[in-house]
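User: Please take one part of this model and describe it closely, for a reader who is new to protein structure.

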Amino acid sequence: MSFLRRHRAATPAGPDFDVLAMDPGDWPGNLGAGLLPAPDGSCQGVFLRYDLFGGRGPAMIIGNLPEGSPARDLGEGQVPFEVAQLLDALENDEEVEVTGTEDCPVMQGDNLLIVRKVKLSEGRISCVQFDRSDNVLVTIASWDRPITDDLYALLKPLPAELFQQG
């Protein structure tokens with residue numbers, strides 16, 4: 001994935017990495033974005049919340065977490081950060097845990113991704129993860145709709161300016 005590259009800025013105001021997600025202009029619902037700040041002001045991750053349910057909760061959350069992000073450190077059976085965010089946004093306080101994983105090859109354009117399907121105790125949540133060539137972990141969590149291979153064709157790098165504060 002040669003189009004994914006790291007950015008460096010003198011003053012951290014957004015992510016120093018490209019964010020791989022669906023273009024907000026291609027999504028018919030509401031979109032929200034969140035940055036995970038570190039104490040030094042650097043960005044430790046970005047997650048995008050896509051809402052197709054007219055304000056009644058998100059349909060999907062896509063996260064981009066760089067290497068070293070504390071949100072990547074999970075305990076045994078603990079759900080990915082994006083799944084926790086999805087449950088929180090849906091005001092679902094049900095206890096959910098990881099029950100297994102399965103690796104599957106998927107093509108994204110000319111690139112082969114090894115996608116890890118995360119199986120959860122809550123069957124209405126679909127979750128997949130893959131590592132990018134720049135060591136950013138992409139996680140997609142979806143509520144009440146399966147994640148199919150055609151979704152990967154919609155993923156593209158979003159411009160860093162989209163996440164600048166100010």
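Analyst: Contact here means heavy atoms within 4.5 Å. This is a predicted model, in which local features need pLDDT of at least 70, side-chain atom pairs count only at pLDDT 80 or more, and totals for chains, interfaces and linings use all residues. Residues are numbered from 1 along each chain as its sequence is written, and side-chain values use heavy atoms, without hydrogens or water.

The part chosen is the sheet. Helices (H or I, at least four residues) and strands (E, at least two) are DSSP runs numbered from the N terminus, and two strands pair if DSSP finds at least two bridges between them. Seven strands, in the order S2-S3-S4-S8-S7-S6-S5, make an open sheet with antiparallel pairing. S2 (30-37) and S5 are the edge strands; each has a single partner, so one side of each lacks a neighbour in the sheet. From one strand to the next, the twist averages 20 degrees (axes are lines fitted to C-alpha atoms, for helices over the stretch in contact, with angles from 0 to 180 degrees between N-to-C directions).

At the S5 edge, S5 (residues 98-108) is joined to S6 (residues 111-120) by ten bridges in the antiparallel sense, with valine 106 opposite leucine 113 in S6. Two residues separate the strands of this hairpin, where glycine 109 has a positive phi near 65 degrees. Isoleucine 114 also belongs to S6.

Elsewhere in the sheet, S4 (residues 60-65) and S8 (residues 137-143) run antiparallel and share six bridges; isoleucine 61 faces alanine 141 in S8. Helix H1 (residues 81-89) lies across S2, S3 (43-51), S4, S6, S7 (125-131) and S8, at about 145 degrees to S4.
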